Amino acid sequence: MRRILPILALLIFISGCGVNQNTNNSNTESNTTSSSTPSQDSSKMTYQDNHLVAAKQALSSGDYAKAIEEATASIKDNPNSSEAYSVRGFAMALHGDTAKGLADTKKAYDLDPNNVANYYNMAMVYKLQGQLNDSKQWFEKVLEKDPSNTWSVYGIATIYADQGDDTKALDWLEKAININPSVKAVAAEQDHFERFHNNMRFKTLVGL
């Protein structure tokens, strides 16, 4: 599992916390608007955005302590930032404190139940805790909104693999590969699928 986390963290930064590129575009547009709109608080809003951007960058590069620090600064400026709580929660979980990570992602959900990016982060935090059924439920919530979210589909595949349901694991892996062929290389190196390396269907799917 360790090998995939830097990739997923990078996707979170690129995709606005783990959802598709359309979300990233809307986030970028929102940030540009908030930082360029003339108002009395425009400099403060830009400052808040900078902390959040820095938190995402740190998360994507694997500097979880820095991500936590920057997300905390963002929360201090904007206590109702669902995105900042979500980023900090995932960073905390990756840094080893899954309990605090889960508390933050739940807080993010309370602040904005429609933040689909946070569904993904919650799924990952539950996965890090070993609560696989809860993790799968949140991946499924992502897919209700974004059926082509590659890494949520792949996440479900890994959960079935870890639970010993080989047929469903390979079914979901195939779905993920059909969405994004780059999944092949990831699955071929993942501990989740190590025991599948002699499985003919797996070998065909990933090109071993």
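Here is a quick tour of the side-chain contacts in this structure. The model is a predicted one. A search of the whole structure turns up seven salt bridges, and the aromatic pairs come to nine. A few of these contacts are picked out below, along with two lysines that sit over tryptophan rings.

**Salt bridges**

- K56 and E83 pair up in a salt bridge, with 2.3 Å between their closest N and O atoms. This one links distant parts of the chain, since K56 belongs to helix α3 (residues 42-61) and E83 to helix α5 (residues 82-94), 27 residues apart. Both K56 and E83 are buried.
- R195 and D166 meet through their side chains at 2.7 Å, N to O. R195 is in the loop between α11 (183-189) and α12 (200-206) while D166 is in helix α10 (residues 166-179), so this salt bridge ties together parts that are 29 residues apart in sequence. Both ends are partly exposed: R195 has 47% relative accessibility, and D166 has 28%.
- There's also a network here: D171, E174 and R201 are joined by salt bridges that share partners.
- E140 and K136 make a salt bridge inside one helix, with the closest N and O atoms 3.3 Å apart. Both residues sit in helix α8 (residues 132-145), four residues apart, or about one turn. E140 counts as partly exposed because its relative accessibility is 31%, whereas K136, at 14%, counts as buried.

**Aromatic pairs around Y109**

- Among the nine aromatic pairs is Y109 with Y119, a tilted one: the centres are 6.3 Å apart and the planes are at 50 degrees. Y109 lies in helix α6 (residues 98-111) and Y119 in helix α7 (residues 116-129), with their positions 10 residues apart in the chain.
- Y109 is partly exposed at 30% relative accessible area, but Y119 is buried at 7%.
- Y109 also pairs with W138, and this time the planes are at 80 degrees with the centres 5.4 Å apart, so the arrangement is edge-to-face. That contact takes you from helix α6 to helix α8, across 29 residues of chain. W138 is buried, with a relative accessibility of 11%.

**Aromatic cluster**

- W151, Y154, F193, F196 and F202 come together as one aromatic cluster.

**Charges over rings**

- W138 shows up again here: K141 lies over its face, 5.3 Å from the ring centre.
- W172 has a lysine too, with the charged end of K175 sitting over the ring at 3.9 Å from its centre.

Terms used:
Residues numbered from 1 in each chain as written. Predicted model: local features only at pLDDT ≥ 70, side-chain atom pairs only at ≥ 80, totals over all residues. Heavy atoms only, no water. Salt bridge = Lys/Arg side-chain N within 4 Å of Asp/Glu carboxyl O. Helix = DSSP H or I, 4+ residues; strand = E, 2+ residues; numbered from the N terminus. Buried < 20%, exposed > 50% of the residue type's maximum accessible area, 1.4 Å probe, protein only. Phe/Tyr/Trp six-rings, centres within 6.5 Å; stacked < 30°, edge-to-face > 60°. Lys NZ or Arg CZ within 6 Å of the ring centre and 35° of its normal.
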